[in-house]
Structure formats: structure tokens, C-alpha cells
Amino acid sequence: MADLREAIDQGRTALGIELGSTRIKAVLTGPDHTAIAVGSHDWENQFVDRTWTYSLEAVWEGLRGCFAALAQDVRAKHGTELRTVGALGVSAMMHGYLAFDGDGELLTPFRTWRNTNTGDASEQLSELFGYNIPHRWSIAHLYQAVLNGEEHLGRLAHLTTLAGYVHWKLSGRQVLGVGDASGMFPIDISTGGYDARMLGQFDELAAGRVPLKLAELLPAVLPAGEAAGSLTEEGARLLDPSGTLQPGAAMCPPEGDAGTGMVATNSVARRTGNISAGTSIFAMIVLDGELSRRHSEIDLVTTPAGDLVAMVHCNNGASELNSWAGLFAEFATALGAKADSNTVFETLFKAALDGAPDGGGLMAFNYLSGEPITKLHEGRPLFLREPGSSLNLATFMRTQLYSALATLRLGMDVLQKAESVRLDRMFAHGGLFKTEGVAQRLLAAAIDTPVSVGDSASEGGAWGIAVLAAFLTGKQPGQSLDSFLNDVVFADARLDTAEPEQADVDGFNAFMQRYVAALPVEEAATRHS
């Protein structure tokens, strides 16, 4: 304990902060890159004027609450104050639209990745570029604003992501890590910057309707390991109004949650992949080379080091599961039983292992919002069952877990079957995998591939961005991110691997046939409710 207290006092630490969809989390790592303190703050997006958003006031309230909780954890565990850190990194949910004028004032409410009202822009840009531009990408939001003739465009001076915004306010630098930038606009893998051909095409398309060239609006792009500024006095006060935290920490390029998930699961090498499951669920597969053609289900982004990644992104993940767990917890309380949320989730998830492998005639759609992979612009959570089905807890919970994985499976089928993409390793992380051996086993069945979960999975992207911050200050000359992860961070890591069980594989395949057949029911619900 004394050694860790000394490391904290001397700043031989790295701090990672990630703004997720439902929680802001901070992780402080020590010299061996393990987590030595954590802090968190819960928050929720708001649906205002048919737009999913967070206020900037909520961003800073959440960051201050998160940092205060971290500082308290440092005091409780190590008996010292958190006055300095050696390196600092910020990560957040990717994509979306944060538009500022020349004075740094926000021009519209933050439009998050969850908004799917950019269909016209997405379709037109994908056709123009010959490159898949998903609904949630920043460039789709910008061009949709152009198509809508929005007044604010005449004052537009700067676009960024949530991670880029927080980094800008903490450091004064308007930059992005290449992984996060690749969710704003396509990246040219050969140069590591935005694709010059597509930049020119957009400028021609938007001429006279956007005041600046696109390259002037977008943040500068940096790969992992490049210096991205330092924590300023003003930035330190934004995080810690008490004045205890001192400025000066070296800051790594801000990254998106997809990139930090790759780092947290040691999945930045080619032919490795990871799946992150939280409010959204997505798979990231590092490719050997280009895909044979454009697929609407597949996004092409990059690792934090700039390598090409195929991304299967599903807007809807575990939120509906959380709602059902809350309902069961409320019922338990009404009966006079006391159970914390971890116990509730563990009980429900473990029950799913005894459910019918094919879902037993039950069906669920977890669509709280639109789902581009299934071409639905809005969502309606549904639970259905056939008249002869048996409604029991085990099969109900298995069906809910299957539903959380079903859209991901549709996208993975494109990679594994249409493109014959091969994987050496698949890792999983996020809250869905906190209950040991349940979602991991069902995911292995869904994609018919072994799935590994590591010790760091529960810390997730906040730990991943702390590792990227440590890479900035701790890498050897010329050392790659892949080498740093394999030889330093994960050298002694323990992995738990679940092999797909044939009964589960067959059951999930049968469930998927019914799921696809029932999609018109979900589509009808969006039109009639």
C-alpha cells in the first residue's frame, strides 16, 4: 500500500475517463497498469424535440462527480490526496454532432450517435463516396443539416465528438485520436488522415452552404502514442473545483469507446476482434485487408494505431434488459425481499442458462431506438410469444439475452459468410459480461466462435484509455501499440474462454430464423404506435 501511495504522490500513474451512454467512469492505474482506484457517475440521455441528447452542463456535472468519487476512492484505499497524475486520457461514445461557432459556443443541442434521422444524408454520401457512411457518423449529421437548410451552418467553425470536446476544454487542443476521427469521416489508411478525395467531394457537394472547407471544420488527427497537449489550469479546475488536482499531466489523443474497447481487450492486432456490450452493442474486427465491396451493415473505422477495422454497430444493446431487471427488482422489493442490482442481474442471467435453447416460442425486440442494420428508423421494445409457448423465467431471460445479440449476429454473418473474414481471437467486455459465464456462453453460440473475457473486462473503456495514456509516456522508442499491449500490459493476463456448445448454436440459429421472420411485426409497431 505504501508503494502505491508513493506512486500516486509522485504522479507515476495514468488516469482514464470514459463518458459512456449511462455512466461516466474514471480509472486510475499504477506503474503495473492495473486499476488502483475508480470513480463513476451515472447519467442518462434525454429525448428532447425527437432528438437524443445530453446537455453540456450534464457533461461537466458528471465529470466533476466522477472525479470526486475517484479522489475519494484514492483517499479511502491509499490514504492520500490525488494531486497529480502522470498521464491523462479522455474517451467517450463515438460519432454524433457537436457544432461550435468561432467563440466556442454550441450551435445546436448535442446530437448523439443514437439519432437515426440522417437517412437521406447517409444514403447520398455513401453513394457519392462509394463508402458506407452510417446514420450516426458526424459527417452524416452535418450533411443532413445542409439538406435541412439549418440556420446555424452559417456560423459553423468547428465540429468534434464528445471525447474531442472534453479534451479541448481540458487541454486547449482541438484534436482527435484516429479511431474516434474515423467515426466522423473516412480515414485514408495510407496517410493516417482524412481521405483527401472524399474531402474534396464533400466540399464540392456542400459549396455555398457550409462556410469553411471540411478539413478546416474537423479536428486534427493523431495516432496512439502522439502527444496531444497537457492538462491546463483551467482544465484541472473543470475536473476538480476544489483546487487539489494540479495541471501539467500529459494528455494522449482522445479516443472513442470502440477504440478503448479494442485496447482493453488487447484486440488491436490483425485478425483479432472484440465485442462491447452496453447501451449499444458492437463488434470490432481488425482486418487483413480491404473488404471486397461496400456493405450497409459494416462500418470501416480504425484502431487507435490507424489499422483498418470492420465494425458491426447495433444501436440497441442492454438497455431493455436493464429495464426488465428493474421491474423484477421492484417486484422483489414489493415482496419484502432486499437485493442489490448485482444480485438481481446475476440471478436473472444465471436463470437463462436453463431456458429453452431456441427461445421456446418466445420472441423479443430490444429496440428502444432505430436500428440501421434492420433498416428501422425508430424503435418499439416488444415481447411476443406463441400461444403454445411456456412462459417461464429461464426461457424469458434467455430470449431477452438472445434479443440483445440478434442484430449483432446479422452483421457478423456478413463478415463471416459473405466476406470470409477469419478471426484468431474474439474478446468480449462491457456490463453484459459481468455475470460470469452467461452472456459469454450465449455470445459464443450466436457467432459460433470461442469468446474470451479477461480480468480487465469489468473496467472496460475507462481502463483502456488509461492504458493509451500510459502508452504515451511509457512506450519505448519505436514501440508499437500492439507490442506495448502484448509485452507489457497483458503479459500476465488471465483469460477465461467459452467454446460454443452445439445445442446453444443450434438453438440460436433457430431463434434467428424466427427473429428475422418477426421483423415485420417490429416494423409495424413503429408505424402504428
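These legends describe close-up views of a predicted model.

**View 1. The largest pocket and its lining.**
The largest pocket encloses about 1200 Å³ of space. Its lining comprises 40 residues. T22, R23, G278, G430 and G431 lie nearest the centre of the pocket. By class, the lining holds 13 nonpolar, 20 polar and seven charged residues.

**View 2. Strands and helices around the largest pocket.**
Three strands each supply at least two lining residues: β2 (23–29), β15 (272–277) and β18 (308–314). The helices α11 (319–334), α12 (341–352) and α15 (460–474) each do so as well. Which element gives the most to the lining? It is α12, with four residues.

**View 3. Strand β2 and its two partners.**
β2 also contributes to the pocket lining. Six of the seven residues of β2 are buried, leaving the strand mostly covered. β1 (residues 14–19) pairs with β2 in the antiparallel sense, over six bridges. Within this pairing, G16 has V27 of β2 as its bridge partner. β3 (residues 35–42) also runs antiparallel to β2, and seven bridges join the two strands. Here L28 is bridged to A37 in β3. In a regular strand, side chains alternate between the two faces of the sheet.

**View 4. Turns at the two hairpins.**
β1 and β2 form a hairpin, with three residues between them. β2 and β3 form a hairpin with five residues between the strands. In the hairpin of β2 and β3, H33 takes a positive phi near 75°.

**View 5. An aromatic pair, F185 and Y194.**
The structure holds 22 aromatic pairs. One of them joins F185 and Y194 in an edge-to-face arrangement. The ring centres of F185 and Y194 are 6.2 Å apart, with 75° between the planes. The pair counts as edge-to-face because the angle is over 60 degrees. Is F185 buried or exposed? F185 is buried, with a relative accessible area of 0%. Y194 has 12% relative accessibility. Y194 therefore counts as buried too, being under the 20% cut-off.

**View 6. An aromatic cluster.**
Ring pairs link several residues into a cluster. Its members are F365, Y367, Y402, F508, F511 and Y515.

**View 7. Lysines over aromatic rings.**
The charged end of K169 sits over the ring of W168. It lies 4.3 Å from the centre of that ring. In a second case, K475 places its charged end over the ring of F471. The distance from the charged end of K475 to the ring centre of F471 is 5.7 Å.

**View 8. The largest cavity.**
How many cavities of 30 Å³ or more does the structure hold? There is one. About 50 Å³ of space lies in the largest cavity. F471, the ring under K475, is among the residues lining this cavity. Other lining residues include G177, V178, L222, P223, C252 and L468. The lining divides into nine nonpolar, two polar and one charged residue. The charged one is E255, because Glu counts as charged.

**View 9. T265 and S452.**
T265 is found in the loop between α10 (257–264) and β15. Its relative accessibility is 6%, so T265 counts as buried. Along the chain, T265 and S452 are 187 residues apart. In space, their C-alpha atoms are separated by 9.0 Å. β15, at one end of this loop, also supplies residues to the lining of the largest pocket.

Methods:
Residues are numbered from 1 along each chain as its sequence is written. This is a predicted model: local features need pLDDT of at least 70, side-chain atom pairs count only at pLDDT 80 or more; totals for chains, interfaces and linings use all residues. Side-chain values use heavy atoms; hydrogens and water are left out. On a 1 Å grid over the protein atoms alone, a cavity is a set of points where a 1.4 Å probe fits but cannot get out, and a pocket is an open set with protein on both sides within 12 Å along at least five of seven lines; lining residues have an atom within 4 Å of a point. Grid points are joined across faces, edges and corners, and a volume is the space filled by probe spheres set on the points. Buried means under 20% relative accessible area, exposed over 50%, partly exposed in between (1.4 Å probe, protein chains only). Two strands pair if DSSP finds at least two bridges between them. Rings of Phe, Tyr and Trp (its six-membered ring) pair if their centres lie within 6.5 Å; planes under 30 degrees apart count as stacked, over 60 as edge-to-face and the rest as tilted. A charge sits over a ring if NZ of Lys or CZ of Arg is within 6 Å of the ring centre and within 35 degrees of the ring normal.
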